[in-house]
Amino acid sequence: MTGDIWYGALPSVSGLWLTPAGRTWDAVRLPEQLGFDALDALARPPGAVLRAPHSRRVYFLVPPHTTTAWDLPPSAALSDNDHLVLPPAGLRRPPGPHWLIPPRPGRVHTPTEQLRTAVEAALGRRSARPTECRTSAASAPPR
């Protein structure tokens, strides 16, 4: 289902649209860097991806009613009773919400399970990164 992603939206003076989730799409909200890492980990090109720079979040649009079992912190699912501010389809730059990947005919949604796999891979890569360990002179072992 591709549908009009702005279905049921309320327009604003700035050209942004307050749009209800759970009708033609659900969304998965990720912290910005995790969203970028998930984009890199996706096996196939994603559907529409929104960036909200002020809140440092990235939103992937997924098929409606497919996020009921989404339980992957620090991400969150948006569905029925949630809303998202969507920019016009051609807006690809800040300031404000803009599309990293705009909605296109036939390519609005990222498959939910594909996104879950990418987020899990991105989280795994993050935990596998070496962390810098600093030892203060006071706690260093004697020589």
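Visitor: Let me start with one residue: what is the relative accessible area of Leu18?
Guide: In this predicted model, the relative accessible area of Leu18 is 38%. A residue counts as buried under 20% and as exposed over 50%, with partly exposed in between, so Leu18 is partly exposed.

Visitor: And which strand is Leu18 in?
Guide: Leu18 belongs to strand β2, which covers residues 17-20.

Visitor: What does β2 pair with, say, which residue in β7 is the bridge partner of Leu18?
Guide: The bridge partner of Leu18 in β7 is Val85. The two strands, β2 and β7, run antiparallel and are joined by 4 bridges.

Visitor: Which way do the side chains of β7 point?
Guide: They alternate along the strand, which spans residues 83-86. Leu84 and Leu86 point to one face and are buried, whereas His83 and Val85 point to the other face and are not buried.

Visitor: Which residues form a nonpolar patch on the surface?
Guide: The patch is formed by Leu10, Leu18 and Val85, and together these residues have about 240 Å² of accessible area. Two of its members are the bridge partners we have just met, Leu18 in β2 and Val85 in β7.

Visitor: Let me zoom out. How many helices and strands does the protein chain have?
Guide: The protein chain has 2 helices and 8 strands. Read from the N terminus on, the elements come in the order β-β-β-α-β-β-β-β-β-α.

Visitor: What share of the residues is buried?
Guide: Of the 143 residues in the protein chain, 43% are buried. As for the surface, the protein chain exposes about 8300 Å², and carbon and sulfur atoms supply 56% of that area.

Visitor: What about contacts between parts that are far apart in sequence?
Guide: If one takes the contacts with a separation of 6 or more, 73% of them are between residues 24 or more positions apart. One pair that is far apart in sequence is Leu42 and Ala118, which are separated by 76 residues in the chain, while their C-alpha atoms are 5.2 Å apart in space.

Visitor: Where is Leu42, then?
Guide: Leu42 sits in the loop between α1 and β4, and its relative accessibility is 11%, so Leu42 counts as buried. Setting aside neighbours within four places in sequence, Leu42 is in contact with Phe60, Thr110, Gln114, Leu115 and Ala118.

Visitor: Thr110 is on that list, so to speak; where is Thr110?
Guide: Thr110 lies in the loop between β8 (98-101) and α2. With a relative accessibility of 0%, Thr110 counts as buried.

Visitor: What does the side chain of Thr110 reach?
Guide: It reaches the backbone nitrogen of Gly47, at 2.8 Å. When neighbours within four places in sequence are left aside, the residues in contact with Thr110 include Leu42, Gly47, Phe60 and Leu115. Phe60 and Leu115 also appear among the contacts of Leu42.

Visitor: New topic: how many salt bridges are there?
Guide: The count comes to 3 salt bridges. One of the salt bridges is between Glu32 and Arg51, whose closest N and O atoms are 2.7 Å apart. This pair links distant parts of the chain, with Glu32 in helix α1 (residues 32-41) and Arg51 in strand β4 (residues 49-52), 19 residues apart.

Visitor: Are Glu32 and Arg51 buried or exposed?
Guide: Both Glu32 and Arg51 are buried.

Visitor: Which residues are linked in a network of salt bridges?
Guide: The network links Asp71, Arg116 and Glu120. In one of its salt bridges, the side chains of Asp71 and Arg116 meet at 3.1 Å, N to O. Asp71 lies in the loop between β5 (57-62) and β6 (76-78) and Arg116 in helix α2 (residues 112-128), so this pair ties together parts that are 45 residues apart in sequence.

Visitor: And where are Arg116 and Glu120?
Guide: Both lie in helix α2, 4 residues apart, which is about one turn of the helix. Their side chains meet in a salt bridge at 3.7 Å, N to O.

Visitor: Last one: is Asp71 buried or exposed?
Guide: Asp71 counts as exposed because its relative accessibility is 55%. For the other members of the network, Arg116 has 14% relative accessibility and so counts as buried, and Glu120, with a relative accessible area of 40%, is partly exposed.

Definitions and conventions: Residues numbered from 1 in each chain as written. Predicted model: local features only at pLDDT ≥ 70, side-chain atom pairs only at ≥ 80, totals over all residues. Heavy atoms only, no water. Patch = residues over 30% accessible without salt bridge, like charges linked within 9 Å, V, L, I, M, F, W, Y side chains within 5 Å. Areas by Shrake-Rupley, 256 points an atom, 1.4 Å probe, with all protein chains shown as cover. Salt bridge = Lys/Arg side-chain N within 4 Å of Asp/Glu carboxyl O. Buried < 20%, exposed > 50% of the residue type's maximum accessible area, 1.4 Å probe, protein only. Pairing = 2+ DSSP bridges. Polar contact = N/O pair within 3.5 Å; in protein donor to acceptor, adjacent residues only side chain to side chain. Contact = heavy atoms within 4.5 Å.
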